[in-house]
Amino acid sequence: MITTALWAALVLVMVGVVVGQFWRPRHNPPELPTYYNVGAFSLVDENGKPFTEQDLRGRPYVADIIFTTCAGTCPIMSSKLAEVQKLTPAGVQLVSFTVNPEFDTPAVLKEYAHRYHADESRWHFLTGSPQQMQDAAKKTLKLPASPPEAQNPIGHSDRLLLIDGAGNVRGIYDGRDDETVKRLAADASSLARRGNGA
């Protein structure tokens, strides 16, 4: 009798564990870290219209640094951003800052945007004076960038930044890696589902 009762109790416990695992509610994804707050900027977009950080408030966005004549990293990064555009809801914005503003006029940036099928309502290409763009890279985004000097070409970071609706950097990703970019898209989508993008 006692042995039968013990076996019955053991079976009930095992059934309870299995059912508990099956019905356990999904946990929210882990909270994204907060690295730093980006600074203010006042630039112009691919349509020649003023564009500031205030145009992005309340919405998460992905930012990168590119230039249109780049033959190496930039086409890869822009292709990855095009993928992010496909994988994320409309609430996620994309912002590409040029580090060759002397060549990358709004008209040139607009043509570049078409090349990557950029949705103008979501993906913005920004330019300004050379000093403004260096400040945007180094002081606003806090990413390395260097103008061309003598025989040295333009240098810039290949990182993609995920920035929330309050202007906080919540993720830093390799702009050339497929799996990392998929994780970026998932993280950006998660931020977009929140009311203020933060």
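Trainee: What makes Ser78 count as buried or exposed in this model?

Mentor: The model is a predicted one, and in it Ser78 has a relative accessible area of 0%. Buried means under 20% relative accessible area, so Ser78 counts as buried. The residue has its place in helix H2, and, leaving aside neighbours within four places in sequence, Ser78 is in contact with Ile66, Tyr112, Tyr116 and Trp123.

Trainee: Ser79 also has its place in helix H2; why is Ser79 called partly exposed?

Mentor: The relative accessible area of Ser79 is 35%, and partly exposed is the class between the limit of 20% for buried and that of 50% for exposed, so Ser79 is placed in that class. As for its surroundings, the C-alpha atoms of Ser79 and Arg115 are separated by 9.7 Å, with the two residues 36 apart along the chain.

Trainee: Tyr112 is one of the contacts of Ser78; how do you know whether Tyr112 is buried or exposed?

Mentor: Tyr112, which is found in helix H3, has a relative accessibility of 1%, and since buried means under 20%, Tyr112 counts as buried. Leaving aside neighbours within four places in sequence, the residues in contact with Tyr112 are Ile66, Thr68, Cys74, Pro75, Ser78 and Phe125.

Trainee: Which aromatic pairs does the structure hold, and what makes the one of Phe41 and Phe97 edge-to-face?

Mentor: The structure holds 4 aromatic pairs. Phe41 and Phe97 form one of them, with 5.4 Å centre to centre and 80° between the planes. Rings pair if their centres lie within 6.5 Å, and planes over 60 degrees apart count as edge-to-face, so the pair of Phe41 and Phe97 satisfies both conditions. This pair links distant parts of the chain, with Phe41 in the loop between strand S1 and strand S2 and Phe97 in strand S5, 56 residues apart. Both Phe41 and Phe97 are buried.

Trainee: What makes Tyr112 and Phe125 an edge-to-face pair?

Mentor: Their rings lie 6.0 Å centre to centre, with 80° between the planes; set against the limit of 6.5 Å for pairing and that of 60 degrees for edge-to-face, these values lead to the conclusion that Tyr112 and Phe125 form an aromatic pair that is edge-to-face. Tyr112 in helix H3 and Phe125 in strand S6 are 13 residues apart, and the pair links distant parts of the chain. The C-alpha atoms of these two residues are separated by 8.9 Å, and both Tyr112 and Phe125 are buried. Ring pairs also link Tyr112, Tyr116, Trp123 and Phe125 into a cluster.

Trainee: Returning to helix H2, why is its arrangement relative to helix H5 called oblique?

Mentor: The axes of H2, residues 73–87, and H5, residues 178–192, come within 9 Å and cross at roughly 40°. Angles under 35 degrees count as roughly parallel, while roughly perpendicular begins at 65, and an angle of roughly 40° falls between these limits, which makes H2 oblique to H5. The contact has, by class, 5 nonpolar, 1 polar and 2 charged residues. H2 passes H5 in a right-handed crossing.

Trainee: Which residues of H2 and H5 meet there?

Mentor: On the side of H2 they are Lys80, Val84 and Leu87, and these meet Asp178, Val181, Leu184, Ala185 and Ser189 in H5.

Trainee: What makes the phi of His117 worth noting, and how do you know whether His117 is buried or exposed?

Mentor: Most residues other than glycine have a negative phi. His117, although not a glycine, has a positive phi of about 55°, and the residue lies in the loop between H3 and S6. Its relative accessibility is 66%, and because exposed means over 50%, His117 counts as exposed.

Trainee: Lys142 has a positive phi as well; why is Lys142 called partly exposed?

Mentor: The phi of Lys142 is near 60°, in a residue other than glycine, and Lys142 is found in the loop between helix H4 and strand S7. Its relative accessible area is 42%, which lies between the limits of 20% and 50%, and therefore Lys142 is partly exposed.

Key:
Residues are numbered from 1 along each chain as its sequence is written. This is a predicted model: local features need pLDDT of at least 70, side-chain atom pairs count only at pLDDT 80 or more; totals for chains, interfaces and linings use all residues. Side-chain values use heavy atoms; hydrogens and water are left out. Axes are lines fitted to C-alpha atoms, for helices over the stretch in contact, and angles run from 0 to 180 degrees between N-to-C directions. Helices (H or I, at least four residues) and strands (E, at least two) are DSSP runs, numbered from the N terminus. Angles under 35 degrees count as roughly parallel, over 145 as roughly antiparallel, 65 to 115 as roughly perpendicular and the rest as oblique. A crossing is left-handed if the near helix is turned anticlockwise from the far one by less than a right angle, and right-handed if clockwise. Contact means heavy atoms within 4.5 Å. Ala, Val, Leu, Ile, Met, Phe, Trp, Tyr, Cys and Pro count as nonpolar, Asp, Glu, Lys and Arg as charged, and the others, Gly among them, as polar. Rings of Phe, Tyr and Trp (its six-membered ring) pair if their centres lie within 6.5 Å; planes under 30 degrees apart count as stacked, over 60 as edge-to-face and the rest as tilted. Buried means under 20% relative accessible area, exposed over 50%, partly exposed in between (1.4 Å probe, protein chains only).
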